[in-house]
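Biologist: I have a structure open and would like to talk through how it packs. Could you put it up so that we are both looking at it?

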Amino acid sequence: MHAYPILWDWLSFALRWLHVIVGIAWIGSSFYFIALDLGLRRERPLPDGVKGEEWQVHGGGFYHIQKYTVAPDALPERLIWFKWESYATWLSGFALMVVIYYFGADLYLIDPNKLDVTPLQAAGLSMASLALGWLAYDGLCKSALGRDPTRLMLVLYVILVALGWAYTQVFTGRAALLHLGALTATIMSANVFFIIIPNQKIVVADLKAGRTPDPKYGVIAKQRSTHNNYLTLPVLFLMLSNHYPLAFATEWNWVIAALVFLMGVTIRHYFNTLHATGHGPLWTWGATAAAFMAVVWLSSLPRGAEADLATVSPLEERLAASPAFEEVHSAMLTRCAMCHAQEPLWPGMATAPKAVHLESEADVLAHARAIYLHSGRSYAMPPANLTAMEAAERQAIVAWYEEALAGE
């Protein structure tokens, strides 16, 4: 990663772009089919086996859609499956996590104040948590508790909150919320891969063999699809949280995540009820606003003191020993530290952008790669060059970092 920072950054960008594209496709189809299912009507006699129908208009055309209670009498010649959107979303998201958090573990994943582990150990803990989280969730759904949807959702909520707290005790705040989102997304995608699609394949096989499909497979798939519907909005918040230190870099970040899950439920409940009855319960917006205000309040509480156990990598040792380090550190203090500080001086700024501080020498060394990319190789920082960083300062940053890289 250190040897090719520009290519590595573009790889990250490409994976993020792909992740967003396929994620939009998955979420869009998921929301559409939940709305369609809830909007089905039986206002006239329908063919045998048809649960309901709906008329829709879009793009200048009219669509007449019918849903079967279990399945049609015979398999249609052309059947469209909705699965690759889910698989591509998880695969691209995991690849992005590998690029950013596993290869950048020292900066983004590991917090030695919480758990002093190697990058390989941290990545192992990360992957194990995703696998074990899915197994625990799947086991609960298949247990007797799974027959009571309300109790099951309450138990799952408690478990997710507990896992959110556990992540904050192991990883950085940024990685903790990201991993809670990754775990939730893993559950959602695994629902599609291990439950929904296999159950649909059983029904298809029965139709091909001339057997009457068992309706239980549709009921099970519907349960998992409903879970996915309610988990989608919290996942989006958690995935975006890494850009907002007021969400991830606070002492109560796990409580913020817990409230976000509740907001996801209230928002989806409004729209699901709206699709089903034509009238959404307005109290859900009041509850959502109250939860969001609680999130804002929690983010404003001061953090407790933390011990400084930061370690220095070989690259950071070379960067610190460079004759140009003093010049680069001075440039950061002059051009960047008014925003990237424990207490930013820029008007209206409560916390440093992305919780990046550039005051001490240790701060500059820890964020050397980002400084090189954002202020040396590009003009991203300072924004609009508001602090008038000079060309010579940018050249010094590039020379300082690339000289240290050449020593690897």
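Biologist: What is the handedness of the crossing of H5 and H6?
Modeller: In this predicted model, the crossing of H5 and H6 is right-handed, and the axes of the two helices, H5 covering residues 149-168, come within 8 Å and cross at roughly 140°.

Biologist: And which residues in H5 meet H6 there?
Modeller: From H5 there are Leu-160, Leu-163, Gly-164, Tyr-167 and Thr-168, which meet Ala-176, His-179, Leu-180, Leu-183 and Thr-184 in H6. By class, that contact has 6 nonpolar and 4 polar residues, with no charged ones.

Biologist: What else is Leu-180 in contact with, leaving aside its neighbours within four places in sequence?
Modeller: Besides Leu-160, Gly-164 and Tyr-167, Leu-180 is in contact with Leu-238, Ala-257 and Phe-261. Leu-180 is also one of the residues that touch the most other members of the largest nonpolar core, which has 41 residues. Helix H6, residues 173-208, gives the largest share of this core, with 12 residues.

Biologist: Changing topic, how many aromatic pairs are there?
Modeller: The structure holds 18, and one of them, Trp-84 with Tyr-87, is edge-to-face, at 5.4 Å centre to centre with 85° between the planes.

Biologist: Is Trp-84 buried or exposed, and what about Tyr-87?
Modeller: Trp-84 has a relative accessible area of 60%, so it counts as exposed, whereas Tyr-87, at 12%, is buried. Both lie in helix H2, 3 residues apart, about one turn of the helix.

Definitions and conventions. Residues are numbered from 1 along each chain as its sequence is written. This is a predicted model: local features need pLDDT of at least 70, side-chain atom pairs count only at pLDDT 80 or more; totals for chains, interfaces and linings use all residues. Side-chain values use heavy atoms; hydrogens and water are left out. A nonpolar core is a set of buried Ala, Val, Leu, Ile, Met, Phe, Trp, Tyr and Cys residues joined through side-chain atoms within 4.5 Å. Buried means under 20% relative accessible area, exposed over 50%, partly exposed in between (1.4 Å probe, protein chains only). Helices (H or I, at least four residues) and strands (E, at least two) are DSSP runs, numbered from the N terminus. Contact means heavy atoms within 4.5 Å. Axes are lines fitted to C-alpha atoms, for helices over the stretch in contact, and angles run from 0 to 180 degrees between N-to-C directions. A crossing is left-handed if the near helix is turned anticlockwise from the far one by less than a right angle, and right-handed if clockwise. Ala, Val, Leu, Ile, Met, Phe, Trp, Tyr, Cys and Pro count as nonpolar, Asp, Glu, Lys and Arg as charged, and the others, Gly among them, as polar. Rings of Phe, Tyr and Trp (its six-membered ring) pair if their centres lie within 6.5 Å; planes under 30 degrees apart count as stacked, over 60 as edge-to-face and the rest as tilted.
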